[in-house]
Amino acid sequence: MIAIIGLVIGVVIGMVLQPDVPVALQPYLPIAVVAALDTLAGGLRATLDGAFDSHVFITSFLFNVLLASFLVFLGDQLGVGAQLSTAVIVVLGIRIFSNAAAIRRRLLRS
C-alpha cells in the first residue's frame, strides 16, 4: 500500500511541477521507462506466483534501468545508438509481453 501511495504522490508532483529532462538525458528516458515497466511486470507476475521478494524487486528495478541506460549510452559512444536502443526495446518488450501472458494465464486460467 505504501508503494501505491508513493507512486500516486510521485505522479501528482510530476504533473504539478512538470520537470524538464535535460537534453543530454532525453535519449535514455524512454529506455529507462521500458526497463522499469519490465521490472514492474515481473514483480506483478512474481506476486501472483507467490514468489515476490521486495529486495529482489528493488535491485532488479535499479539494475534493469541502469543496464538498459548503459547499453544505450554505449551504443551512442560507438555510433550505433539507434540500433542498440531498438535492440534493448525489442528485448524488454518481449519480456513484458511474456510476463503479461503469464499474468493473463494466471488470472484468467487460460
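The following questions and answers look at confidence, helix packing, aromatic rings and one serine in a predicted model.

User: Which element of the protein has the lowest mean pLDDT, and which the highest?
Analyst: For the protein as a whole, the mean pLDDT is 89, and 98% of the residues reach 70 or more. When the elements are ranked by their mean pLDDT, the highest value, 91, belongs to helix α4 (residues 81-108). At the other end, with a mean of 85, is helix α1 (residues 2-17).

User: Are α2 and α4 roughly parallel or roughly antiparallel to each other?
Analyst: Two packed helices are described by the angle between their axes and by the distance between those axes. For helix α2 (residues 29-49) and α4, the axes come within 9 Å and cross at roughly 25 degrees. Because angles under 35 degrees count as roughly parallel, α2 and α4 are described as roughly parallel to each other.

User: Is the crossing of α2 and α4 left-handed or right-handed?
Analyst: The contact between the two helices involves residues of both, including Ile 31, Val 34 and Ala 35 of α2, together with Ser 85, Val 88 and Ile 89 of α4. The crossing that these helices make is left-handed.

User: Why is the pair of Phe 52 and Phe 57 called tilted?
Analyst: A search of the whole structure finds two aromatic pairs, and in one of them the rings of Phe 52 and Phe 57 have their centres 5.6 Å apart. Planes under 30 degrees apart would count as stacked and those over 60 as edge-to-face. The planes of Phe 52 and Phe 57 stand at 45 degrees, so the pair is tilted.

User: Which residues do the ring pairs link into a cluster?
Analyst: Phe 57 also pairs with Phe 61, their ring centres lying 6.3 Å apart and their planes at 35 degrees, so this pair is tilted. Both residues lie in helix α3, four residues apart, which is about one turn of the helix. Phe 57, at 22% relative accessibility, counts as partly exposed, as does Phe 61 at 28%, while Phe 52 at 40% is likewise partly exposed. The ring pairs thus link into a cluster Phe 52, Phe 57 and Phe 61.

User: Is Ser 69 buried or exposed?
Analyst: Ser 69 is found in helix α3 (residues 54-78), and, leaving aside residues up to four places away in sequence, Ser 69 touches Tyr 28, Ile 31 and Ala 32. Its relative accessible area is 17%, and a residue under 20% counts as buried. Ser 69 is therefore buried.

Note on methods: Residues are numbered from 1 along each chain as its sequence is written. This is a predicted model: local features need pLDDT of at least 70, side-chain atom pairs count only at pLDDT 80 or more; totals for chains, interfaces and linings use all residues. Side-chain values use heavy atoms; hydrogens and water are left out. Buried means under 20% relative accessible area, exposed over 50%, partly exposed in between (1.4 Å probe, protein chains only). Contact means heavy atoms within 4.5 Å. pLDDT is the predictor's confidence in each residue, from 0 to 100. Rings of Phe, Tyr and Trp (its six-membered ring) pair if their centres lie within 6.5 Å; planes under 30 degrees apart count as stacked, over 60 as edge-to-face and the rest as tilted. Axes are lines fitted to C-alpha atoms, for helices over the stretch in contact, and angles run from 0 to 180 degrees between N-to-C directions. Angles under 35 degrees count as roughly parallel, over 145 as roughly antiparallel, 65 to 115 as roughly perpendicular and the rest as oblique. A crossing is left-handed if the near helix is turned anticlockwise from the far one by less than a right angle, and right-handed if clockwise.
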